[in-house]
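Colleague: I have the sequence and the coordinates open beside me, and I would like to go through a few local features with you, one question at a time.

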Amino acid sequence: MEASLPYPALVASHGRVLVAAPGETVRAIGATDAARRLGQTPHLLLHAPLVAARLGVPECSGLDLLELLAFVHPARFAVPTAAGLARALGLEPPASLEAEALFLGRAAARLLATLADPRWWARAGAHASAVRLHRKGWSWGAEVLRRLAPPPQREADLFEVLPRIEEQPPRPQPRSVRLTEAAVRAQLQRLRGPRREPRPGQAAYATALIPAFSPRASAGVPNLVVAEAGTGTGKTLGYLAPASLYAEASGGVVWLSTYTRALQRQLRAEIDASLPARIGGRAIAVRKGRENYLCLLNLEDALSGLFGDRSAILAELVARWARFTRDGDLVGGDLPGWLPALFRSRGAIPALSDRRGECIRGACPHVRCCFIERSVHEAAEAALVVVNHALTFAVAVRSGRDLPARIVFDEGHHLFDAADSAFAVELSGAEAIELRRWILGPESPGRRAGRRRGLAARLADVASDDRATRSALEDLLEAARVLPADHWLDRLVSGEARGPIEVLLSAVRAQVLARAEEDGGGFGLEAAIGNPLPGLVAAAEAAALALRALGDAMARLRSTLAALLDARRDRLDAGGVARIAAADTGLADRIARLDSWIALLGRIGGPPDPAFVDWFAVFRSGGEERDAAIVRHWLDPMIPFARHVLAPAHGVVVTSATLSDPLAREETLAAAAGAGGLATALHLFRTESPFDYGARARVFVATDVVPRDPASLAVAFERLIAAAGGGVLGLFTAIRRLREVHARICKRLEAAGLPLYAQHVDPMDAGTLVDLFRADPRASLLGTDALRDGVDVPGVSLRLLVFETVPWSRPTILEAARRAAFGGKAWEERQVRRRLAQAFGRLIRTADDRGVFVLLGAGVPSRLLAAFPREVRVERLPLAAIVEETAAFLGDACKPAAPFLTEGGNPGSAACDG
């Protein structure tokens, strides 16, 4: 029996605040009174930042149960709600806000009682961690130490217990094999096992991919398969069959590349459920960019005092997690996505990763247990490697030789966007100051720089007694001072820019402010690069000269380091050699970046390059300026994709449910290959979805909702959410309208028992919001259009998808250039149909799903509606009729309940039992 705690509990919704003091009944208080109480007395809370948002205050503090959960059960998933916490602890979920106020005390007692349980699985290192947390002011520290007995003898610390990387001999060259259709079908059957039935089109899809795993006929001409498989075909098992069979038979490796890190996690889960842990004696690995993983050296710095205040507590909880994590993945792994948000420190988690490329690799004392190196090492030995498009392109840019011969691109409809980002160039204040800090280290007075920040610090032990290296390093440090320094943005805004790069960015900002035609809808401002203002060309020339001098200094340091390594290889220890190698790699990457910046500066005042689109930008966030930049994108990013990714490959699969446009199937399916003029052995395949969309889905266009009008949109969203009883994903093209609609409807929906979450409103990351949405069939989620790519919610939790308006592309300089080059209005409409088709595919994920898709606004062109399956009924109706049809179509789940607003603002009624 868990002992009760002497703390009151406080819970807050959009409209109510309740407090439950020990020995008292639950009572309601006002938000102002709640904020005052929290400042005076420790209260039990669940997700303090969310409570603060509900109270309308910047922040609040207390005994947050999620922090305690992260200590007691590190690296274990839990939805950050009372119901999610209850499920994690084996307790009965509270059924009301009143019950939740009483539940917090029971949940806290259960968590604390676990500390004394001899069967507690996470006891290792707990006492030492609790002592450090208590010293740093953790609110739970005293309660935890009161119940946690010290170990009988010293326990090994984190850096002693992490598994060590064992070196392996180089992978042999893969054998040349040819897969047969019979073998692929048999492998597919094995993967299905007894728990899955055959799906129509799946076997044909799997065998259609065989050419990508066959020997290529000539160098530089890859076997390329472009395969569109409708939702429900079983794409994942379809490509896993030939990929796993090839990896086992050949001894080679296949990269399975998907669009987002969340999708990587889903793909790995499917692989774990379908394939053995090892294929031909080799493992299956997940690899992401270095910035995704915990850097143990940065963690050690943070634990030793580099972090202050609440960030220091976060670092300790991350260290607690690091002892139990599967792979050290900070983003999308088993670190709770809600944990960083509890500490309101956006920079803490990036500071614990290798975001700035400061890794000293072999010279690091933790290199043998490094999560980053382990992911690279495991991928080098694996049979299958789950990656994302961004990493694949980053590896290709650095060196195509590091790419495997066989790649499967799932979510292939995103290749264009991923390549567009990967092969772009941006000279901005943020990029430039990051380069300065990589060279010089942090320079602000009183700022603790850590023990290994800045190139001079990282090379001090190898350069101190070599005159040439020391001189080259000093020259580089001096040359780097041309780059923007701390507070550069303030100087740009005030007109006090210092140095050639700040002067250039100030001139760029002036041109944007003078030429931009609109406020960008909160996205920022941009202006064409042509017809520069007086002084801008001269500023660009001065900046280019400074960057050339910086690049020359970097090149000289590389030369002296190479000479030093040759002359003293026998006398340098392993750490010194590793530091030189790491510095050389970093310098080479940054010289390439400088070259791209110099080329971009040559465009100012010069003729345009038809292969590129260049422009000036001022970036904004939350109504405030964040940066100024010169930006370059490829007009067609599939050209560098073909050059850097396709050309070196032997076989590539590009696959998705939405590769082609329904009004031009063959033409757009072939274009999805993205060959960029490269000769390929091209194979096309397409199969329809086996789902009965005609019976399982409806599509409506609301003819009487005023697009972009918050009042009209709020009525529509409230009535539709009520009609569906929750389970609604609402997608917006503007953050401002999302916030306004949410503010208008959240209280009434919550009063009806229909929780509403919103991106850019609730203080949580997108992944956590999707987890909340998925976990509660009565919940709804509002987000931007980009959220449609991160939502995989099979079943009843997603039954209605609403687009606030037609998802046209933003009218940017880049979009205008591509529209002119690729077919004008027809090209833009293809992009919209693709977005609609992708969103519709998120609505129906299994054969048993039932869903409704609604577009708001009468002006939706009929040709856009070809995005939906031919058998689906698409009807243009007034909102009232859509509400009625939606409730009827979704069936008995929706029953009359609490009031909501009708179209005219009068109460109506509908809700859902879930």
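Colleague: In which loop is the place of Ala-75?

Modeller: Please keep in mind throughout that this is a predicted model. Ala-75 draws attention through its backbone, since its phi is positive, about 65°, although the residue is not a glycine. Its place in the chain is the loop between α3 and α4 (82–89).

Colleague: Is Ala-75 buried or exposed?

Modeller: The cut-off that matters here is that buried means under 20% relative accessible area. Ala-75 has a relative accessible area of 18%, and therefore the residue counts as buried.

Colleague: His-487 also has a positive phi without being a glycine; where is His-487 found, and is the residue buried or exposed?

Modeller: The phi of His-487 is near 70°, and the residue is found in the loop between α22 (467–479) and α23 (488–494). Exposed means over 50% relative accessible area. His-487 has a relative accessibility of 57%, so this residue counts as exposed.

Colleague: Turning to the helices, how is α3 oriented relative to α5?

Modeller: The axes of helix α3 (residues 65–72) and helix α5 (residues 97–114) come within 10 Å and cross at roughly 20°. Because angles under 35 degrees count as roughly parallel, the orientation of α3 relative to α5 is roughly parallel.

Colleague: What is the handedness of the crossing in which α3 passes α5, and how do the residues of this contact divide into nonpolar, polar and charged?

Modeller: When α3 passes α5, the crossing is left-handed. On the α3 side the contact is made by Leu-65, Leu-68, Leu-69 and Val-72, while α5 contributes Leu-104, Ala-107, Ala-108, Leu-111, Leu-112 and Thr-114. Sorted by character, the residues of this contact are 9 nonpolar, 1 polar and no charged.

Colleague: How do the residues of the contact of α3 with α14 divide?

Modeller: Here the axes of α3 and helix α14 (residues 309–322) come within 8 Å and cross at roughly 35°. Glu-67, Ala-70 and Phe-71 in α3 meet Arg-310, Leu-317 and Arg-320 in α14. The residues of this contact divide into 3 nonpolar, no polar and 3 charged.

Colleague: With which residues is Ser-129 in contact, leaving aside its neighbours within four places in sequence?

Modeller: Ser-129 lies in helix α6 (residues 126–135), and with a relative accessible area of 3% the residue is buried. Once the neighbours within four places in sequence are set aside, the contacts of Ser-129 are Phe-71, Glu-316 and Arg-320.

Colleague: Which residue of β1 stands opposite Val-19 in β2?

Modeller: Strand β1 (residues 9–12) and β2 run antiparallel and are joined by 4 bridges, and a hairpin of 4 residues connects β1 to β2. In this pairing, the residue opposite Val-19 is Leu-10.

Colleague: On the other pairing of β2, which residue in the turn towards β3 has a positive phi?

Modeller: β2 also runs antiparallel to strand β3 (residues 27–29), with 3 bridges between the two, and Val-17 stands opposite Ile-29 in β3. The hairpin of β2 and β3 has 6 residues between the strands, and the residue in its turn with a positive phi, about 80°, is Gly-23.

Colleague: Which residues of β2 are buried on one side and on the other?

Modeller: Both faces of strand β2 (residues 17–20) are covered. The buried residues are Val-17 and Val-19 on one side, and on the other Leu-18 and Ala-20.

Notes. Residues numbered from 1 in each chain as written. Predicted model: local features only at pLDDT ≥ 70, side-chain atom pairs only at ≥ 80, totals over all residues. Heavy atoms only, no water. Axes fitted to C-alpha atoms, helices over the stretch in contact; angles between N-to-C directions. Parallel < 35°, antiparallel > 145°, perpendicular 65-115°, else oblique. Left-handed = near helix turned anticlockwise from the far one by under 90°. Contact = heavy atoms within 4.5 Å. Nonpolar A, V, L, I, M, F, W, Y, C, P; charged D, E, K, R; others polar. Buried < 20%, exposed > 50% of the residue type's maximum accessible area, 1.4 Å probe, protein only. Pairing = 2+ DSSP bridges.
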